[in-house]
Amino acid sequence: MQNKLRFGYLLVAALTLAVSGYTFAQSRVLEQRVLLGERIAELFDTVLEIRRFERNYFLHGQATDQAENARYLQALGGLLDAAEADFRRLGIGDGVGSLRASLASYAQWMRDYVAVAPGDEARRDALQAQIREVGKRIVGVAEVAAGAERSQVQVLLASFRTVLVAAIVGLALLMIGIGQALSWRLVRPLKRLEEGVAAIQAGRRETLPWLSDDRELVAVVGAFNQLLQELRQRQRHLLRAEKLAALGTLLSGVAHELNNPLSNIWSSCQILLEELDEAQVPGHRGLLLQIDGQCERARAIVRSLLDFARDRPVQMQPVDLRGLILETLAFLKAEVPAGVRIEVEIPTDLRPLGDRRRLQQACLNLIRNAVQAVGASGLVRIAAHRTRPGDPFPVACPGAGDMIELLVSDSGPGIDAAVLPRIFDPFFTTKEVGHGMGLGLYIVYQIVDEHGGCISAGNAPGQGAVLRLRLPVAAGEGS
């Protein structure tokens with residue numbers, strides 16, 4: 001369809017340019033005709049002035065009238081020289097010679113009339129008659145020139161009107177044809193598109209059919225079908241989110257119910273440990289210590305469940321990122337094996353906007369996962385820098401403006417490609433049963449999302465796993 005529309009528009013443009021060119025050419029011709037008319041009008045007025053001063057001189061005999069008559073005669077000669085080519089274009093070139101001869105005779109007789117001796121009235125009257133006769137011929141030639149010029153202008157205007165009307169009618173017919181073609185090629189498929197959308201709304205179909213072979217309509221239908229697919233995926237995600245919300249409510253209740261008996265068991269165990277003499281019941285103290293350890297583990301699981309289910313308000317404020325990371329590393333000091341080296345490369349002026357407690361929880365989970373990934377020996381690198389709008393990121397990031405990017409990488413085995421799409425799902429873990437609930441990275445994802453940031457996981461070439469998260473910069477922080 002685009003080629004057809006382009007052809008139609010080019011045709012209209014070509015016709016418009018042709019009409020415009022013709023109009024421009026005709027306007028130039030009209031301009032020349034106007035200039036010619038002005039010259040002929042000037043010539044005709046000069047002839048009339050010659051005759052007027054001629055009559056005045058004959059009536060009053062004033063020398064000034066004769067001088068003006070002679071001056072206009074000279075001016076008429078110059079105009080005749082300039083307009084000779086125009087006379088020939090008008091088709092009255094043969095009259096130029098007779099007009100020149102008439103002017104010469106007129107000028108000579110006027111000189112003879114001036115030279116007539118006083119009292120010779122017969123000679124004076126004869127010259128007056130000859131002058132008046134040749135003056136009439138001169139006026140006649142000027143009138144013929146003016147009439148011919150007016151006739152040519154009228155013919156030119158009539159031709160111009162005819163071509164202009166024909167061009168307007170042609171353009172109108174062409175636009176009607178293009179409109180009909182558009183109606184046939186575009187409006188009918190759009191009507192079918194409307195019917196298809198109505199069918200989708202009524203639940204009678206899931207996708208739109210191909211309406212036409214035109215590239216534009218194919219693109220529209222393809223984009224619409226892709227949009228429908230994304231909407232269905234979003235509906236599934238929404239249903240999953242609703243299920244997770246219901247699961248969170250259930251887990252919150254279960255955690256609270258478990259917390260009370262666990263507290264009682266742990267308290268009783270602590271009392272027995274304080275009162276029990278190891279010599280009285282050999283081996284029982286070891287059993288009580290195992291009970292105490294398992295109670296601590298169960299309470300940690302309950303706390304994780306409560307963190308997952310609880311919806312606490314976020315307290316947003318500028319956070320010293322380097323100080324937060326160093327404090328988190330101090331908490332994890334006992335969990336880091338001696339063979340694991342941790343490098344921190346964070347400038348002191350980076351201050352994201354966020355809830356310090358939640359950000360520390362997110363950093364704690366990220367660093368703990370990295371330490372566990374490298375095992376007994378390896379490297380964990382924690383770095384941060386400021387990003388600008390448009391800087392690339394593996395996933396879509398809702399944040400606008402400058403952001404702070406935190407990277408936590410390790411030298412471990414990396415993340416399996418089959419696992420990457422699910423790494424932030426709740427209760428998903430690659431650890432053995434009893435060594436993790438699969439909530440760590442999900443909680444990190446939730447915290448980053450609450451802060452208006454984004455997070456991605458991947459593998460650095462030859463360096464193990466790398467997790468990158470971006471957080472908004474606190475207002476007023478310098479570049």
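1. Let me begin with the term that the next points lean on: two rings of Phe, Tyr or Trp (its six-membered ring) form a pair if their centres lie within 6.5 Å, and planes over 60 degrees apart make the pair edge-to-face. With that in hand, ring pairs link Y57, F58 and Y113 into a cluster. Please keep in mind that this is a predicted model. The count of aromatic pairs comes to four.

2. How do the rings of Y57 and Y113 meet? Their centres are 5.8 Å apart and their planes stand at 75°, so this is an edge-to-face pair. Y57 belongs to helix α1 (residues 2-60) and Y113 to helix α3 (residues 94-115), so the contact ties together parts that are 56 residues apart in sequence. Both Y57 and Y113 are buried.

3. F58 joins the cluster through Y113 as well: the ring centres are 4.8 Å apart with the planes at 65°, so the F58 and Y113 pair is also edge-to-face. Here too, distant parts of the chain are linked, with F58 in helix α1 and Y113 in helix α3, 55 residues apart. Both F58 and Y113 are buried.

4. Two arginines are worth a look for their place over rings. The charged end of R52 sits over the ring of F53, 4.3 Å from the ring centre. R71 lies over the face of Y72, and the distance to that ring centre is 4.6 Å.

5. Now to the interior spaces. The model has two cavities of 30 Å³ or more, and the largest holds about 50 Å³ of space. Which residues line the largest cavity? They are L321, L324, L359, A362, C363, L406, V448, L469 and L471. The elements giving two or more residues to this lining are α7 (321-331), α8 (356-374) and β7 (464-472), and α8 supplies the largest share, three residues. By class, the lining has nine nonpolar residues, no polar ones and no charged ones.

6. Helix α9 (residues 440-450) deserves its own point. Its buried residues include L441, Y442, I443, V444, I447 and V448. V448 is also one of the residues lining the largest cavity. Just after α9, G452 takes a positive phi of about 75°, which you may like to check on the model.

7. On to charges. A search of the whole structure finds twelve salt bridges. In one of them, R341 pairs with E343, with the closest N and O atoms 2.3 Å apart. R341 has a relative accessibility of 47% and so counts as partly exposed; E343, at 26%, also counts as partly exposed.

8. D402 and R386 form another salt bridge, with 3.5 Å between the closest N and O atoms. D402 lies in the loop between β4 (377-387) and β5 (403-410), while R386 is in strand β4, so the pair ties together parts that are 16 residues apart in sequence. D402 is partly exposed at 23% relative accessibility, and R386 is partly exposed with a relative accessible area of 24%. R386, R388 and D402 are linked in a network of salt bridges.

9. Is the salt bridge between E405 and R468 made by buried or exposed residues? Both E405 and R468 are buried. The closest N and O atoms of this bridge are 2.8 Å apart. E405 is in strand β5 and R468 in strand β7, so the bridge ties together parts that are 63 residues apart in sequence.

Methods: Residues numbered from 1 in each chain as written. Predicted model: local features only at pLDDT ≥ 70, side-chain atom pairs only at ≥ 80, totals over all residues. Heavy atoms only, no water. Phe/Tyr/Trp six-rings, centres within 6.5 Å; stacked < 30°, edge-to-face > 60°. Helix = DSSP H or I, 4+ residues; strand = E, 2+ residues; numbered from the N terminus. Buried < 20%, exposed > 50% of the residue type's maximum accessible area, 1.4 Å probe, protein only. Lys NZ or Arg CZ within 6 Å of the ring centre and 35° of its normal. 1 Å grid on protein atoms, 1.4 Å probe; cavity = no way out; pocket = protein on both sides within 12 Å on 5 of 7 lines; lining within 4 Å. Points joined across faces, edges and corners; volume = space filled by probe spheres on them. Nonpolar A, V, L, I, M, F, W, Y, C, P; charged D, E, K, R; others polar. Salt bridge = Lys/Arg side-chain N within 4 Å of Asp/Glu carboxyl O.
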